[in-house]
Amino acid sequence: MEYWNVGVLEGPNNPLLHHSNTPILQFHVSLTKQELAFLRSARIAHFATADAHGQPHVIPICFVFDGKHFYSPIDEKPKRTAPSKLKRLRNVGENPQVSIVIDHYEENWAKLVYILIIGKARVLVSGDKHRKAVNLLRRKYPQYRAMRIDRMPMILILPTRMTSWGAI
């Protein structure tokens, strides 16, 4: 059984990241072929946000990764509230610090895998990145081809740290 813990991109030896209030100007994600294949094949992730008071909120999401950003749409699946009032969107507006976990579970624990992404999120409602995300999501999820995700908000997540573990 082989386990590894790689891909931590935070620290003093990484000139692309720093610990200050200054925005990160550039970020490069270095993933193995296996990690990238795992991210691209995963159908679901768990998205964690927190409000201004630190109250956590975790939900399952559909997502796509373009090699630099993760995107998650607000889609037309039934919701209990109007899209603009969703807790995840309110939380991102109050506190852009987010996490995503993409994992694979089997009873054979030698096959367990997860990737943890820590990052900063913002909401897109239009623009080039929004259009790109819509196209990528429609390629990945056939259900989105019939949904108007091009007219809905999109959450963009810029990773600032990624950690992977398991037997990919």
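In this predicted model, residues 24 or more positions apart account for 67% of the contacts with a separation of 6 or more. The protein contains 3 helices and 8 strands, and from the N terminus on these elements follow the order β-α-β-β-β-β-α-β-β-α-β. Of the 168 residues, 42% count as buried. The accessible surface comes to about 9900 Å², and carbon and sulfur atoms contribute 54% of that area.

In soluble globular proteins, nonpolar side chains tend to be buried together. In the present model, the largest nonpolar core comprises 39 residues. Within this core, the residues that touch the most other members are Phe47, Phe63, Phe70, Ile100, Ile102 and Ile157. The surroundings of Ile102 were examined with its neighbours within four places in sequence left aside. On this basis, Ile102 is in contact with Phe38, Leu39, Ala42, Ile44 and Ala45, with Phe63 and Phe70, and with Val113, Tyr114, Ile115 and Ile117.

Two of the helices were considered in terms of their buried residues. Helix H1 spans residues 33-41, and its buried residues are Glu35, Phe38 and Leu39. Viewed down the axis of H1, these buried residues fall within an arc of 95°, and therefore they line one face of the helix. Two of them, Phe38 and Leu39, are among the contacts of Ile102. Helix H2 covers residues 87-94, with Arg88, Leu89, Asn91 and Val92 as its buried residues. Down the axis of H2, the buried residues occupy directions within an arc of 160°, so that they too line one face of the helix. The buried residues of H2 pack against strands S2 (45-50), S3 (56-61) and S5 (70-73), as well as against S6 (97-104), S7 (113-124) and S8 (154-166).

Aromatic side chains were examined next. A pair of aromatic rings is described by the distance of the centres and the angle of the planes. With a limit of 6.5 Å between ring centres, the count comes to 4 aromatic pairs. One such pair is formed by Phe63 and Phe70, with 6.2 Å from centre to centre and 45° between the planes, an arrangement classed as tilted. Both Phe63 and Phe70 are buried, and together with Phe65 they form one aromatic cluster. The ring of Phe63 also has a charged partner: the charged end of Lys140 sits over this ring, 3.8 Å from its centre. Phe63 thus appears in the aromatic cluster, in the nonpolar core and among the contacts of Ile102.

Terms used: Residues numbered from 1 in each chain as written. Predicted model: local features only at pLDDT ≥ 70, side-chain atom pairs only at ≥ 80, totals over all residues. Heavy atoms only, no water. Buried < 20%, exposed > 50% of the residue type's maximum accessible area, 1.4 Å probe, protein only. Helix = DSSP H or I, 4+ residues; strand = E, 2+ residues; numbered from the N terminus. Arc of directions from axis to C-beta. Core = buried A, V, L, I, M, F, W, Y, C linked by side-chain atoms within 4.5 Å. Contact = heavy atoms within 4.5 Å. Areas by Shrake-Rupley, 256 points an atom, 1.4 Å probe, with all protein chains shown as cover. Phe/Tyr/Trp six-rings, centres within 6.5 Å; stacked < 30°, edge-to-face > 60°. Lys NZ or Arg CZ within 6 Å of the ring centre and 35° of its normal.
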